[in-house]
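The following exercises are to be worked with the sequence and the coordinates side by side. Each task is followed by a solution in steps.

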Amino acid sequence: MLLVVPVVFLGWFFVWPVTSIVGLGLAPDGEVELGVLARALTDQSVRSVAWFTLWQAVVSTVLTLLVAIPGAYALSRQEFPGRRALQAAVTVPFVLPTVVVGSAFLALLGPRSPVNAALVAVLGDAAPTLDLRRTVTAILLAHVFFNYAVVVRTVGGLWSMLDPRLEDAARVLGASRWRTFREVSLPLLSPAIAASAAIVFLFTFTSFGVVLILGGPGRATIEVEIHRATTQLLDLPLASTLALLQLVAVLSALAVYGHLTRRAQQQRLVAAASTRRPPRSRAERWFLGTNLAVIVVLVLSPLAVLVERSFVTATGYGLDNWRRLLVDDPSSVLAVPAGEAVRNSLLFGTSATLVALVVGGLAATAATVGRGWITGAVDRALMVPLGTSAVTVGFGFLIALDRPLDLRGSPLLVPLAQALIATPFVVRTLLPVLRSIDQRLRDAAAVLGASPLRVWREVDLPIIGRALLVAAGFSFAIAVGEFGATVFVARANLPTMPVAIFRLLGRPGVANFGQAMAMSTLLAAITAAALLAIDRLRVGSVGRF
Amino acid sequence: MLEIDHLTLAYDDTVVVEDLALTAADGEVLCVLGPSGCGKSTLLRAVAGLEPPVTGTIHLDGRDLAGLRPDQRDVGLMFQEHALFPHRNVAENVAFGPRVHGLDRDAVRQRVAEALSLVGLSGTEFRHVDELSGGERQRVALARAIAPRPRLLMLDEPLGSLDRALQTRLLEDLPRVLSQLGTTVVYVTHDQDEALSLADRIAVMRAGRIEQQDTPAELWRSPRTAFVARFLGLGPVMAVQADADTVTTPWGRVPRAEVSDAGAATGTVETVLLPEALRLATGHQPPGDDELAVTATVVIRRFQGDHLRLGVDTATGQRLQVAAWRGQLPEVGDEVTLAIEVAGIHLLADDPGG
């Protein structure tokens, strides 16, 4: 019974649109015609898009692991003043809307970046102007920035609970630091590393907002091409073929992820607090210092530059961008006052959160109380939308939701799409908590005389209460920042903040750019506030896979 | 030979070991005995190079260990709860040390075979460590620690995580293994039975300092302070008046020259009855000339199989423990006569820790 709502929701808003895409891809004229598919797959441009998507995802994943694994050690095993705050800060990029990440790197890597300012200061007029916008480097950097937290949280989470005596034992037995890492820590961490690598690969393979803003000709992922085929070329069969291609790749990656996480659950772990210690040797201090520097440069500087640029106007520093963002501005390129985009975002985000909590909460409960295969099936089915790209969802809504009700023009589509994206995160937050409730607690309460309802109220609810709040904050952050699906289904007169930012960035002029920066800053602040509120609850599952 | 001098260790500004001096001679089994939290594990970690000392020196066979990394020190450490590598089987765990020391494959295999045979686990090479029983895990950990042939072997509560029956069995086994090795051994435990049955010498540790170092027999015969006496399970500790010539006990005055003395001052000093100093007097064996006769009432009677363990309250108000053997089986409430050997009244030195 618990499953009715999730099944209807998933069926209507996920399975049906995706089936329509498959149908459109395989049978554009009503008959199955594999020729279309074959032609698209042999097409040079499709193949080069697929190739670019694949290699940038692989390189992004490898780079992220290389940078973030040392960071995971520093943040999970070393103790230093401000560690908790920094740990929360590095998680911020993970919930940042992709559009904001794109904007931040535009500001950081453009000709007016602080890097160039520094070059001019040092070299004077002879300084070359670095402009890394619309390069692969920009995309890769943004991906590392975005996914750093995934690896730090996932690998660091396990690392902080590995018995440090295992590493000590290896050292005393005569192994060097590096050898100890290679032969003891690395094998023990491999499930977490593999799981986070799979997730990072998935995220970067389906990267949309970042690539749309930072990429350019020849630097488009499948996601971006689906968008282009739909909105510019109006070639729906091509878009469907691309979406199919993507779906296959994503399902394979998810299968690998599922396999890896199942393997992960058999280690003796210790309390995290007991494994952290201040750096004591010179080598340990160097290691910590280097990682802190990486975090400052890679994670904090884009955010700082974003905020700084929101105050840059045509006539120097000022509050113009913010004034025009919050006060009615008839000269804006948006169809509506910028303030309305903010209002739309908050409204849609709140509705989406409620929907995701109901659907995800029911599904998680069903997965906990259900037996055997139901539990596993629900668990896995709800992970699929996580991997299925947002663009596929948005595109699917566009071509499928004219039946049974024509929802295509409805503003309801936006929160529904956002809820669909957020639901897997709700499930992932609630499920471990629900499963961790010791049945003996309920038994003890019952033996002490509590009725079943009372047991639920006094045992289950207080325990999952915090997890529910976490799930709510997390869904809200995701919904507010959602771009891939929203950009397909948002009506021109009801833009959300990410959509408005994208439109502003598409127009020339310092004023538009500044306003985009201001709106990005505001959006970043909203999502970061949601995240930091969660972090205070210390359930600690955000960004951990 | 291990020589530790003026060693001070701290954890995040909390001093856990203070100005400690300790030596272990070649081939000696030195037990460090102390309650949990007294700093004994930290001491081992410092010798292994896992904790940097605040001050002090550690020499092993004349070599100063300062500045050497753990992998350069040539010491073996068997961890509490064993810390076996969960991703490796038995042979791979034991082979780790010889392998990282750069031995070739045949030599490694030989070392593994030797170490496993020494602990009586030959034939378990390919078993996974998760499948091992507690006692087997303990022995694999020992084999792993000795396989690189360290100059010094340190064991941190090696029997701590095992049940009592298994502890007893391994305690019978361990002295053989240790003597076959011939290595200098530092053995840390909080269990006085373990220390008494294994050690050539025992160092009793308390709150980061060594309270007394002696052979087990000497320690048992002459505990220096009330802390040591209590830790060995002697008791009760009570206050008596002692001047230069006489000691005034609750049961009478005795010449100071006849009691056992750990170097007590004069005035109010603490005292304890040594084991075997107290017996139940009977018609066949009345209190002798060298014994004090004390009347007491039985308040606790615990059956121990071959004897009774009695708790008695003396007329002067002390609760004492005494064994009652065959032929003398008083009930609770009965009045009995105790015989206290004067030479077994042991005056304790001033207790610095209070």
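**Exercise 1. Identify the buried residues of α1(B) and characterise its surroundings.**

Step 1. Lys40(B), Ser41(B), Leu43(B), Leu44(B), Arg45(B), Ala46(B), Val47(B) and Ala48(B) are the buried residues of α1(B). A residue is buried if 20 or more other C-beta atoms lie within 10 Å of its own, exposed if 12 or fewer, and partly exposed in between, with C-beta atoms placed from the backbone. Helices (H or I, at least four residues) and strands (E, at least two) are DSSP runs numbered from the N terminus.

Step 2. Since eight of the nine residues of helix α1 (residues 40-48) of chain B are buried, this helix is largely enclosed by the rest of the structure.

Step 3. Gly49(B), just after α1(B), adopts a positive phi of about 90°.

Conventions. The model is predicted, so local features need pLDDT of at least 70 and side-chain atom pairs count only at pLDDT 80 or more, while totals for chains, interfaces and linings use all residues. Residues are numbered from 1 along each chain as its sequence is written, and chains are lettered from A and ligands numbered from 1 in the order in which they are written.

**Exercise 2. Place β7(B) in its sheet.**

Step 1. Strand β7 (residues 152-156) of chain B has five of its five residues buried. Leu152(B), Met154(B) and Asp156(B) point one way, and Leu153(B) and Leu155(B) the other way.

Step 2. On one side, strand β6 (residues 75-78) of chain B runs parallel to β7(B) and is joined to it by four bridges; Val75(B) stands opposite Leu152(B). Two strands count as paired if DSSP finds at least two bridges between them.

Step 3. Strand β8 (residues 184-189) of chain B is also parallel to β7(B), over five bridges, and here Leu152(B) faces Thr184(B).

Step 4. Together with helix α5 (residues 164-181) of chain B, β7(B) and β8(B) form a right-handed β-α-β unit. Right-handed signifies that, with the strands pointing away from the viewer, the path from the first strand over the helix to the second runs clockwise.

Step 5. The complete order of this open, six-stranded sheet with mixed pairing is β6-β7-β8-β3-β9-β10 (chain B). Its edge strands are β6 and β10 (209-214) of chain B, each pairing on one side only.

Step 6. The antiparallel sense is found between strand β9 (residues 201-206) of chain B and β10(B), over five bridges, with Val204(B) opposite Gln212(B).

**Exercise 3. Determine the order and the edges of the four-stranded sheet of chain B.**

Step 1. The strands lie in the order β2-β1-β4-β5 (chain B), forming an open sheet with antiparallel pairing.

Step 2. β2 (14-24) and β5 (63-64) of chain B each have a single partner strand, so one side of each is left without a neighbour in the sheet.

Step 3. Strand β1 (residues 2-11) of chain B and strand β4 (residues 55-60) of chain B are linked by five bridges, and Asp5(B) stands opposite Thr57(B).

**Exercise 4. Test the length of α13(A) and locate its bend.**

Step 1. Chain A contains 23 helices and two strands, and 49% of its 545 residues are buried.

Step 2. The expected span of a helix is 1.5 Å times one less than its number of residues. For the 28 residues of helix α13 (residues 282-309) of chain A this gives 40 Å, which agrees with the 38 Å between its end C-alpha atoms.

Step 3. A bend of about 45° occurs at Leu300(A), and Pro302(A) follows within four residues. The bend is the angle between axes fitted to the seven residues ending at a residue and the seven starting there.

Step 4. Among the buried residues of α13(A) are Leu288(A), Ile295(A), Val299(A) and Pro302(A).
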